[in-house]
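Dear colleague,

I am passing on the structure below, and my notes on its packing follow it. Please read them alongside the coordinates.

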Amino acid sequence: MSSAATWPIFMAKLKSRQEVAEGTMAFHFEKPAGWTFKAGQFIDITLLEPSETDTEGNTRGFSIASAPHEETIMVATRMRDTAFKRVLKILPLDTTVKIEGPFGNLTLHNNAARPAVLLAGGIGITPFRSILFRAAKEKLPHRIFLFYSNRRPEDAPFLGSLQQLENENPNYKLIATMTGMENSHQPWHGETGLINGELLARYLQNAVLPIYYIAGPASMVKGLHTMLNDAGVDDDDIRTEEFVGY
Ligand SMILES: Cc1cc2nc3c(=O)[nH]c(=O)nc-3n(C[C@H](O)[C@H](O)[C@H](O)COP(=O)(O)OP(=O)(O)OC[C@H]3O[C@@H](n4cnc5c(N)ncnc54)[C@H](O)[C@@H]3O)c2cc1C
C-alpha cells in the first residue's frame, strides 16, 4: 500500500471576484509561492466554516481557469442557487479557503505536429482558457482550434479575451457558436447552432490527425463524445473532463 496522499493542501485567500458572463463569476485566489500546476488541471476548494451548508457539503472541484504564469489561481462558475455558491458569492475578500491539488490530466499533448481541437460548452471553457493563455505565452507551435458553444454571447465566459487572443497566437483559431440568439440583445455575426460534424469538417479540412478535448457538464461531454465517434474519431484521440454536479 502506498502511504497517505501526497498532493498539496494549502490555505488561500480570496483576492477578488468579477462577473465574466451573465450569472457566471470568476474568483481569484492567492497563489502560494512555489505551488505549480499544468494548464488544464483542477483543484478542490473547501469553504471553511461557511454560514450555511447542504447535503452536498462544502467542497467542489473547479478547473483552474488561469494559466500557470498568471498571478492568481482563478476559477469560474455558474452561480446556481446552492449553499456552496450562495456563500462563495458573498464571501468577504481576504477570507481563507482550503485548496487541494492540482489534479487531472486534461493537459495539452506534447507532439506539436498534431493539432488540438478543443470543444467547450459554456462553463467548460475553464480548463481551455488556461491551456490557450499558456500556449500564447509560451509561443507553443501547436495549431489549436477552439469550438466554443453558448446560448448567447451574454452567456459566454471570457469570450472577448478569447477573441483577442487570436491576435497574439497565429496558431490559434476560435470558432464560437451561439444556439439561442433569439433571446439575445447583442449582435452576433459568427456561427450559430450546435457543434456538430458539419461545423467541425468546415474548419478542420487541413487539420491532420487532431487530438480532441471536451470539457463541461457531463451531459454535454457525453453528447459531443458521441458526435465525434459518429464522425469517425477514435476514442484514443479524445480526452474529456466531466464537470459532475451540473
Ligand atoms: C474535474 C472537475 C472540474 C470542474 N470544473 C468546474 C469549473 O471549472 N466550473 C464549474 O462551475 N464547475 C466545475 N465543476 C463542477 C463543480 O464541482 C460543481 O459540481 C458544479 O459547479 C455544481 O455545483 P453546485 O453547487 O451548483 O451544485 P451541487 O450542489 O454540487 O449539485 C447539483 C446536483 O448535482 C448532483 N451531484 C453533485 N455531485 C455529484 C456527483 N459527484 N455525481 C453525480 N451527481 C452529483 C447533486 O446531487 C445535485 O442534484 C467541475 C467538476 C469536476 C469533477
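Buried residues, meaning those under 20% relative accessible area with a 1.4 Å probe and protein chains only, make up 51% of the 246 residues in the chain. This is a predicted model, in which local features need pLDDT of at least 70 and side-chain atom pairs count only at pLDDT 80 or more, whereas totals for chains, interfaces and linings use all residues. Residues are numbered from 1 along each chain as its sequence is written, and side-chain values use heavy atoms, with hydrogens and water left out.

The chain holds 5 helices and 12 strands (DSSP runs of H or I with at least four residues, and of E with at least two, numbered from the N terminus). Its radius of gyration, taken over C-alpha atoms, is 18 Å, close to the 18 Å from the globule rule (2.2 Å times the number of residues to the power 0.38), so the chain is as compact as a globular protein of that length.

The largest nonpolar core (buried Ala, Val, Leu, Ile, Met, Phe, Trp, Tyr and Cys residues joined through side-chain atoms within 4.5 Å) has 38 residues, and Phe-128, Leu-146, Tyr-148 and Leu-162 have the most contacts inside it. Among the elements that give two or more residues to this core are strand S8 (144–150) and helix H3 (159–168), while the largest share, 6 residues, comes from H2. Leaving aside neighbours within four places in sequence, Leu-146 is in contact (heavy atoms within 4.5 Å) with residues including Leu-118, Phe-128, Leu-162 and Ile-175. A second, separate core of 22 residues includes Leu-47, Ile-73, Leu-91 and Val-97.

Best regards

Notes. Buried < 20%, exposed > 50% of the residue type's maximum accessible area, 1.4 Å probe, protein only.
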